[in-house]
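Work through the exercises below with the model open beside you. Try each task before you read its solution.

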Amino acid sequence: MRVPTFFMSADSLPEKTREMQKTIKDADCYIVVSPEYNHTVPPALSSLMGHFGGSNYACKPSGIVTYSPGPFAGQRAAMSIQ
């Protein structure tokens, strides 16, 4: 995708994107499990979360689990997800 979904009309979204948006909106809570990648989360995860906008995740309980072989054990990735 070249633009975030919140800039697109509902009828112009690809079917798989509509399915993912519905999955995100219908979820009761979120648990994000991610490795630390270059002091942050992997680009694919960051892109996915950014494309659907914060209102889709708002007011729902969430948890973050990160891991890294480095001395900070994924702490920097967890901070970037918040």
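## Exercises on a predicted model

The lining of the largest pocket draws at least two residues from each of helix 1 (15–26), strand 1 (30–35), helix 2 (43–51) and strand 2 (62–67). Keep in mind throughout that the model is predicted.

**Exercise 1. Set out the elements of the protein, and state what span the C-alpha trace has along its principal axes.**

Solution.
- Step 1: count the elements. The protein has three helices and two strands.
- Step 2: read from the N terminus. The order is α-β-α-β-α.
- Step 3: take the extents. The C-alpha trace spans about 45 × 25 × 15 Å along the principal axes.
- Step 4: check burial. Of the 82 residues, 26% count as buried.
- Step 5: look at the contacts between residues at least 6 apart in sequence. Of these, 67% join residues at least 24 apart.

**Exercise 2. Characterise the largest pocket: how much space lies in it, and which residues lie nearest its centre?**

Solution.
- Step 1: take the volume. The largest pocket holds about 290 Å³ of space.
- Step 2: list the lining. It has 15 residues, and Tyr30, Val32, Met49, Tyr57 and Ile81 lie nearest the centre.
- Step 3: sort the lining by type. It divides into 11 nonpolar residues, three polar and one charged.
- Step 4: trace the lining to elements. Helix 1, strand 1, helix 2 and strand 2 each supply at least two residues.

**Exercise 3. Find the aromatic pairs in the whole structure and classify the geometry.**

Solution.
- Step 1: search. The whole structure yields one aromatic pair.
- Step 2: get the geometry. The ring centres of Tyr30 and Tyr57 are 5.4 Å apart, and the planes meet at 65°.
- Step 3: classify. An angle over 60 degrees counts as edge-to-face, so the pair of Tyr30 and Tyr57 is edge-to-face.
- Step 4: place the partners. Tyr30 is in strand 1 and Tyr57 is in the loop between helix 2 and strand 2; the pair links distant parts of the chain, 27 residues apart.
- Step 5: test Tyr30 for burial. The relative accessible area is 13%, so Tyr30 is buried.
- Step 6: return to the pocket. Tyr30 and Tyr57 are among the lining residues nearest its centre.

**Exercise 4. Which residues make up the largest nonpolar core, and what does Val41 touch?**

Solution.
- Step 1: name the members. The largest nonpolar core has five residues: Val32, Val41, Leu45, Ala77 and Ile81.
- Step 2: collect the contacts of Val41, leaving out residues up to four places away in sequence. Val41 touches Ser34, Pro35, Ser46, Ala77, Ser80 and Ile81.
- Step 3: compare the two lists. Ala77 and Ile81 are core members, and Val41 touches both of them.
- Step 4: link core to pocket. Val32 and Ile81 belong to the core, and they are also among the residues nearest the pocket centre.

**Exercise 5. Is Ser34 buried or exposed? What surrounds it?**

Solution.
- Step 1: locate. Ser34 is found in strand 1.
- Step 2: apply the cut-off. Buried means under 20%; Ser34 has 1% relative accessibility, so it is buried.
- Step 3: list contacts, again leaving out residues up to four places away. Ser34 touches Val41, Pro42, Leu45, Val65, Thr66 and Tyr67.
- Step 4: add a distance. Ser34 and Ile24 are 10 residues apart in sequence, and their C-alpha atoms are 17 Å apart.

**Exercise 6. Examine four loop residues: Asn38, Cys59, Pro71 and Cys29.**

Solution.
- Step 1: Asn38. This residue sits in the loop between strand 1 and helix 2. Its phi is positive, near 55°, though Asn38 is not glycine. Its relative accessible area is 63%, so Asn38 is exposed.
- Step 2: Cys59. The loop between helix 2 and strand 2 holds this residue. Phi is again positive, about 60°. At 85% relative accessibility, Cys59 is exposed.
- Step 3: Pro71. Look in the loop between strand 2 and helix 3 (75–81). Pro71 is exposed at 78%. From Pro71 to Gln82 is 11 residues along the chain and 20 Å between C-alpha atoms.
- Step 4: Cys29. This residue is in the loop between helix 1 and strand 1. At 41% relative accessibility, Cys29 is partly exposed. Cys29 and Leu48 are 19 residues apart in sequence and 17 Å apart, C-alpha to C-alpha.

Definitions and conventions. Residues are numbered from 1 along each chain as its sequence is written. This is a predicted model: local features need pLDDT of at least 70, side-chain atom pairs count only at pLDDT 80 or more; totals for chains, interfaces and linings use all residues. Side-chain values use heavy atoms; hydrogens and water are left out. On a 1 Å grid over the protein atoms alone, a cavity is a set of points where a 1.4 Å probe fits but cannot get out, and a pocket is an open set with protein on both sides within 12 Å along at least five of seven lines; lining residues have an atom within 4 Å of a point. Grid points are joined across faces, edges and corners, and a volume is the space filled by probe spheres set on the points. Ala, Val, Leu, Ile, Met, Phe, Trp, Tyr, Cys and Pro count as nonpolar, Asp, Glu, Lys and Arg as charged, and the others, Gly among them, as polar. A nonpolar core is a set of buried Ala, Val, Leu, Ile, Met, Phe, Trp, Tyr and Cys residues joined through side-chain atoms within 4.5 Å. Buried means under 20% relative accessible area, exposed over 50%, partly exposed in between (1.4 Å probe, protein chains only). Contact means heavy atoms within 4.5 Å. Rings of Phe, Tyr and Trp (its six-membered ring) pair if their centres lie within 6.5 Å; planes under 30 degrees apart count as stacked, over 60 as edge-to-face and the rest as tilted.
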